[in-house]
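Subject: Structure for you to look at

Hello,

Here is the structure we talked about. Please open it and keep it on screen while you read my notes below.

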Amino acid sequence: MNNGWNDFEIGAMLRSFDGAVNGIATTLQEDRPYSKSNSFTASVADWRIEKPIFNKDYCIDCQFCWIYCPDISIISRDKKMVGVDYDHCKGCGICAEVCPTNPKSLLMFAEQEDEDKALAGWPEKEKKEN
Amino acid sequence: MSEMKKIKNLKEFSTSADRFEGANLLCPGCAHSIIVREVLNATNDDLILAASTGCLEVCTAVYPYTSWDASWIHIGFENGSTAVAGAEAMYKALKRKGRLKQPDREPKFVAFGGDGASYDIGFQWISGCFERGHNMMYVVLDNEVYANTGGQRSSSTPIGASTTTAPAGRVSYGEKMNKKDMLAIMAAHGSPYVAQVAPNKWKDMVKKIQHGLATEGPVFINAMSACTTEWKFLPEDTIAISDLATDSLVFPLYEIIDGRKLNITYRPKNVIPVKDYLGAQGRFKHLFKPENKHVLDEWQARVDRDWEYLQRREEAGV
Ligand SMILES: Cc1ncc(C[n+]2csc(CCOP(=O)(O)OP(=O)(O)O)c2C)c(N)n1
Ligand code: SF4
Ligand code: SF4
Ligand code: SF4
Ligand SMILES: [Mg+2]
């Protein structure tokens with residue numbers, strides 16, 4: 001892949017995986033033989049100014065964050081929200097916005113924020129406005 | 001026909017293994033990828049995919065990377081439809097000749113295109129595919145603008161939106177033309193299934209995609225895709241804006257079966273005023289100036305009229 005611009009092929013074929021995968025639709029990411037040309041092996045972490053932090057104490061596993069994350073960065077396994085994939089999260093904030101718990105189980109913090117500190121200072125339940 | 005994936009609720013859906021990958025270059029908060037994830041995760045079938053040039057294609061196939069875990073092809077701006085139709089025709093021919101290596105596997109053929117690629121520039125290609133009756137699904141990622149080239153108006157751009165080629169200013173309130181009614185046009189092709197979907201209503205989306213994939217013949221899906229960059233709202237608000245769109249009935253959710261029978265699939269409990277939807281986006285900001293009040297009024301009247309029309313058609317069963 002050290003070709004210069006002028007050496008690019010007119011048509012290019014990229015393989016997502018090294019070797020065959022049987023039943024890709026039921027093979028989870030951790031079990032896939034991703035190739036170097038699969039964007040899964042790349043990172044957009046440096047796009048972020050803010051990052052979501054997950055507090056599992058309040059999570060009800062509703063999976064709103066999973067369905068609406070544009071970047072496949074909410075890791076859900078066996079119907080449980082497990083955490084955030086910080087290699088692929090772009091920090092859009094949708095997950096925190098759609099999280100329905102009170103207080104929220106996902107909140108946005110500055111990228112450099114320490115996770116333990118954020119969890120220790122997690123906001124209290126908000127009173128309903130009337 | 002292959003067995004349909006069981007998706008009773010969101011928890012069950014969340015056990016899906018995505019075939020669309022991160023570290024693509026779509027903007028943070030882009031609805032294109034939310035739609036693609038919902039479409040792909042609606043099935044476990046093998047997929048043969050195509051995309052026309054546009055944000056989705058440009059951002060998910062940046063050499064030397066691909067973000068697709070399925071067979072995927074891109075050729076040009078106008079021909080995502082014919083690329084997949086060609087693959088489908090080849091599949092049928094090989095099947096007939098008994099030359100398929102895995103004859104028991106029945107892939108689904110799906111093409112994605114933006115509104116520019118679909119409503120305008122690739123329109124005759126799509127029309128041809130539907131007229132020829134290919135067994136495929138065409139999904140429009142409808143963000144009502146040529147987003148990837150910097151926000152030029154398309155025939156899907158709604159009245160009053162400010163775009164780079166129809167900007168609002170001292171003498172103009174922006175786009176003057178009505179949004180093209182692509183669903184009616186595709187239904188008029190006699191398509192067995194035509195539907196409008198929105199990513200915030202994931203259950204309605206999954207139901208329609210599953211129905212569409214199980215349908216024999218060319219299926220047309222128009223997916224509302226809120227664009228944080230061109231509609232001008234904060235990336236975290238993509239779902240909130242989409243909710244305003246479906247709940248104000250600016251994007252009504254419905255389907256048309258066999259070119260005729262129309263079903264409304266979502267009725268908001270509280271219909272919100274159209275101005276709440278428009279006011280949440282920078283592209284419509286200027287409509288709130290006193291001199292543009294007539295545009296706002298016309299907007300609400302048009303949405304009311306269109307909703308009335310859909311309801312009457314549903315009632316009449318035609
Ligand atoms: C034949 C041709 N004309 C113009 C272009 C330039 N072009 C690339 S993407 C694009 C806009 C795509 O708009 P749309 O189809 O709405 O998709 P979006 O980017 O909004 O998702 C244009 C005009 C092209 N690639 N090919
Ligand atoms: S911030 Fe955006 S990209 Fe990151 S996990 Fe949340 S929804 Fe996904
Ligand atoms: S949206 Fe909130 S409550 Fe629901 S699964 Fe995600 S983190 Fe948990
Ligand atoms: S410009 Fe709009 S459609 Fe294109 S990637 Fe950004 S948010 Fe998505
Ligand atoms: Mg577009």
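Start with a salt bridge inside chain A. A:Glu30 pairs with A:Arg77, and their closest N and O atoms are 2.8 Å apart. This pair links distant parts of the chain, with the two positions 47 residues apart in numbering. A:Glu30 sits in the segment before strand S1 (50-54) of chain A, while A:Arg77 belongs to strand S2 (residues 74-77) of chain A. Over all chains, the search finds 19 salt bridges. Keep in mind that this is a predicted model.

Next, the interface. How many residues of chain B are in contact with chain A? The count is 42 on chain B, and they meet 46 residues of chain A. The two chains bury about 3,800 Å² between them. Of that area, 62% is on carbon and sulfur atoms. The size of an interface is often given this way, as the accessible area lost when the parts come together.

The interface also has charged pairs. Two salt bridges cross between chain B and chain A. One of them joins B:Asp69 to A:Arg32, with the closest N and O atoms 2.9 Å apart. There are also 20 residue pairs in polar contact between the chains, both residues being at pLDDT 80 or more.

Which helices of chain B give two or more residues to the side that touches chain A? They are H1 (10-13), H2 (31-41) and H10 (238-247). H2(B) gives the most, with five residues. By class, this side of chain B has 18 nonpolar, 13 polar and eleven charged residues.

Now the ligands. Ligand 2 has 13 residues around it. The closest are A:Cys69, A:Cys89, A:Cys92, A:Gly93 and A:Cys95. The shell of ligand 2 splits into eight nonpolar, three polar and two charged residues.

Ligand 3 is surrounded by 13 residues. Here A:Cys59, A:Cys62, A:Gln63, A:Cys65 and A:Cys99 come nearest. Its shell has nine nonpolar, three polar and one charged residues.

Ligand 4 is in the surroundings of chain B residues, among them B:Cys27, B:Cys30, B:Cys55 and B:Cys227. B:His32 and B:Asn143 are also in this shell. The shell of ligand 4 holds six nonpolar and four polar residues, and no charged ones.

B:Asn143 turns up again at ligand 5, a magnesium ion. Which protein atoms are the donors there? They are OD of B:Asp115, OD1 of B:Asn143 and O of B:Val145, at 2.0 to 2.1 Å from the ion. Along the chain, their spacing reads D-x27-N-x1-V. B:Asp115 is in helix H5 (residues 115-121) of chain B, and B:Asn143 is in the loop between strand S4 (137-142) and helix H7 (182-188) of chain B. These two residues are 28 apart.

Last, some backbone details. Most residues other than glycine have a negative phi, and most peptide bonds are trans. A cis peptide bond joins A:Asn102 and A:Pro103, with omega about 0 degrees. A:Pro103 lies in the loop between helix H2 (94-98) and strand S4 (106-110) of chain A. In chain B, B:Tyr63 and B:Pro64 are joined by a cis bond with omega about 5 degrees. B:Pro64 lies in the loop between helix H3 (55-60) and strand S2 (71-73) of chain B. A:Asp61 is not a glycine, yet its phi is positive, about 55 degrees.

Best wishes

Terms used: Residues are numbered from 1 along each chain as its sequence is written. Chains are lettered from A and ligands numbered from 1 in the order in which they are written. This is a predicted model: local features need pLDDT of at least 70, side-chain atom pairs count only at pLDDT 80 or more; totals for chains, interfaces and linings use all residues. Side-chain values use heavy atoms; hydrogens and water are left out. A residue is near a molecule or strand if one of its heavy atoms lies within 4 Å of it. Ala, Val, Leu, Ile, Met, Phe, Trp, Tyr, Cys and Pro count as nonpolar, Asp, Glu, Lys and Arg as charged, and the others, Gly among them, as polar. Contact means heavy atoms within 4.5 Å. Buried area is the accessible area (1.4 Å probe) that two parts lose on being put together, summed over both. A salt bridge is a side-chain nitrogen of Lys or Arg within 4 Å of a carboxyl oxygen of Asp or Glu. A polar contact is a pair of N or O atoms within 3.5 Å; within protein, one must be able to donate a hydrogen and the other to accept it, and residues adjacent in sequence count only if both atoms are side-chain atoms. Helices (H or I, at least four residues) and strands (E, at least two) are DSSP runs, numbered from the N terminus. Donors are N, O and S atoms within 2.8 Å of the metal (3.2 Å for Na, K and Ca); water is not among the atoms, so sites may look incomplete.
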